[in-house]
Amino acid sequence: MEKVMEAFPYKRVAVIGCPGGGKSTFSRALRDKVGLPLYHLDAIYWKEDRTTLPKEEFRAIQRQIIEKDEWIIDGNYGSTVEWRIAACDILFFLDYPAEVCLAGVRARRGQKRSDMPWVEEGDDEEFLDFIRAFESESKPRILELMEKYPEKTVVTFRTREEAERYLGELKR
């Protein structure tokens, strides 16, 4: 990212990474810069009462979004992540250490968020364990899919500062 980007030529954007890494924050900032419609998968999947959409309904909604000409889709959901990678023009992978993601989860406690229908108040040990295991259990599949689609433009950030710098260099 040595030079300032003149324009953002991409119309279909996938943003993936470990929970707590800031996918939604990055996606909102990117949307504000480039004007593409944003879809938070968590906001679609989860209901206010902490139940979820039936899997087939969730999958059907994702298919409808992916078929659109323009989008930013933020979220992992391993059973459908390949759909987004296959359909995107650019993939942003927020590849942050577990400690960074765990700190991100702690920092958002008690805050209302556009990407979730409730306010997180306490620790969910199962969720925290998922974050701790992301590197060994989820990331290998993501890397495998990135290799499967070598024609895709992939931008990997290893620190929040790298992502912020990228966004700062984008022209409106």
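A residue counts as buried when its relative accessible area is under 20%, as exposed when that area is over 50%, and as partly exposed in between. Tyrosine 77, with a relative accessible area of 19%, is therefore buried. The structure discussed here is a predicted model, and the account below covers its confidence, its aromatic pairs, its largest pocket and some individual residues.

**Confidence of the model**

The mean pLDDT of the protein chain is 91, and 95% of its residues reach 70 or more. Residues 1-5 are a stretch where pLDDT stays under 50, and for these residues the model has 11 contacts beyond four places in sequence.

**Aromatic pairs**

Across the whole structure, a search finds 11 aromatic pairs. One of them is formed by phenylalanine 58 and tyrosine 77, whose rings meet edge-to-face with 4.9 Å from centre to centre and 65° between the planes. This pair links distant parts of the chain, since phenylalanine 58 belongs to helix α3 (residues 55-66) while tyrosine 77 sits in the loop between β3 (71-74) and α4 (81-87), 19 residues apart. Phenylalanine 58 has a relative accessibility of 5% and therefore counts as buried, and tyrosine 77, as stated at the outset, is buried at 19%. Tyrosine 77 also has a backbone feature to record, namely a positive phi of about 50° although it is not a glycine.

A further edge-to-face pair is made by phenylalanine 130 and phenylalanine 134, with 6.3 Å from centre to centre and 70° between the planes. These two residues are four residues apart in helix α6 (residues 125-137), so about one helical turn separates them. Their accessibility can be read side by side: phenylalanine 130 is partly exposed, with a relative accessible area of 40%, whereas phenylalanine 134 is buried, with a relative accessible area of 6%. Elsewhere, ring pairs join Phe26, Phe92, Phe157 and Tyr166 into a cluster.

The two pairs described individually are set out below.

| Aromatic pair | Centre to centre | Angle between planes |
|---|---|---|
| Phenylalanine 58 and tyrosine 77 | 4.9 Å | 65° |
| Phenylalanine 130 and phenylalanine 134 | 6.3 Å | 70° |

**The largest pocket**

The largest pocket holds about 1,300 Å³ of space. It is lined by 48 residues, of which Pro19, Asp42, Trp46, Arg108 and Phe127 are the closest to its centre. By residue class, the lining divides into 14 nonpolar, 15 polar and 19 charged residues. Several helices take part, with α1 (23-34), α2 (41-45), α3, α5 (98-107), α6 and α7 (139-148) each supplying at least two residues of the lining. Helix α6 provides the largest share, five residues.

Two of the residues closest to the centre of the pocket, Pro19 and Arg108, can be described further. Proline 19 is placed in the loop between β1 (12-17) and α1, and its relative accessible area of 11% makes it buried. Apart from neighbours within four places in sequence, proline 19 is in contact with Asn76, Cys101, Phe127, Phe130, Ile131 and Phe134, a list that includes both members of the phenylalanine pair in helix α6. Arginine 108 lies in the loop between α5 and α6 and, with a relative accessible area of 18%, is buried. When neighbours within four places in sequence are left aside, the contacts of arginine 108 are Gly20, Arg113, Glu120 and Phe127. Phe127 thus appears among the contacts of proline 19 and among those of arginine 108.

**Other residues and distances**

Arginine 50 has a positive phi of about 70° although it is not a glycine. This arginine is located in the loop between α2 and α3, where it is partly exposed, with a relative accessible area of 47%. Alanine 103 belongs to helix α5 and, at 34% relative accessibility, counts as partly exposed.

Two C-alpha to C-alpha separations complete the picture. Proline 19 and glutamine 64 are 45 residues apart in sequence and 24 Å apart in space, while alanine 103 and isoleucine 66 are 37 residues apart in sequence and 31 Å apart in space.

Conventions: Residues are numbered from 1 along each chain as its sequence is written. This is a predicted model: local features need pLDDT of at least 70, side-chain atom pairs count only at pLDDT 80 or more; totals for chains, interfaces and linings use all residues. Side-chain values use heavy atoms; hydrogens and water are left out. Rings of Phe, Tyr and Trp (its six-membered ring) pair if their centres lie within 6.5 Å; planes under 30 degrees apart count as stacked, over 60 as edge-to-face and the rest as tilted. Buried means under 20% relative accessible area, exposed over 50%, partly exposed in between (1.4 Å probe, protein chains only). pLDDT is the predictor's confidence in each residue, from 0 to 100. Contact means heavy atoms within 4.5 Å. On a 1 Å grid over the protein atoms alone, a cavity is a set of points where a 1.4 Å probe fits but cannot get out, and a pocket is an open set with protein on both sides within 12 Å along at least five of seven lines; lining residues have an atom within 4 Å of a point. Grid points are joined across faces, edges and corners, and a volume is the space filled by probe spheres set on the points. Ala, Val, Leu, Ile, Met, Phe, Trp, Tyr, Cys and Pro count as nonpolar, Asp, Glu, Lys and Arg as charged, and the others, Gly among them, as polar.
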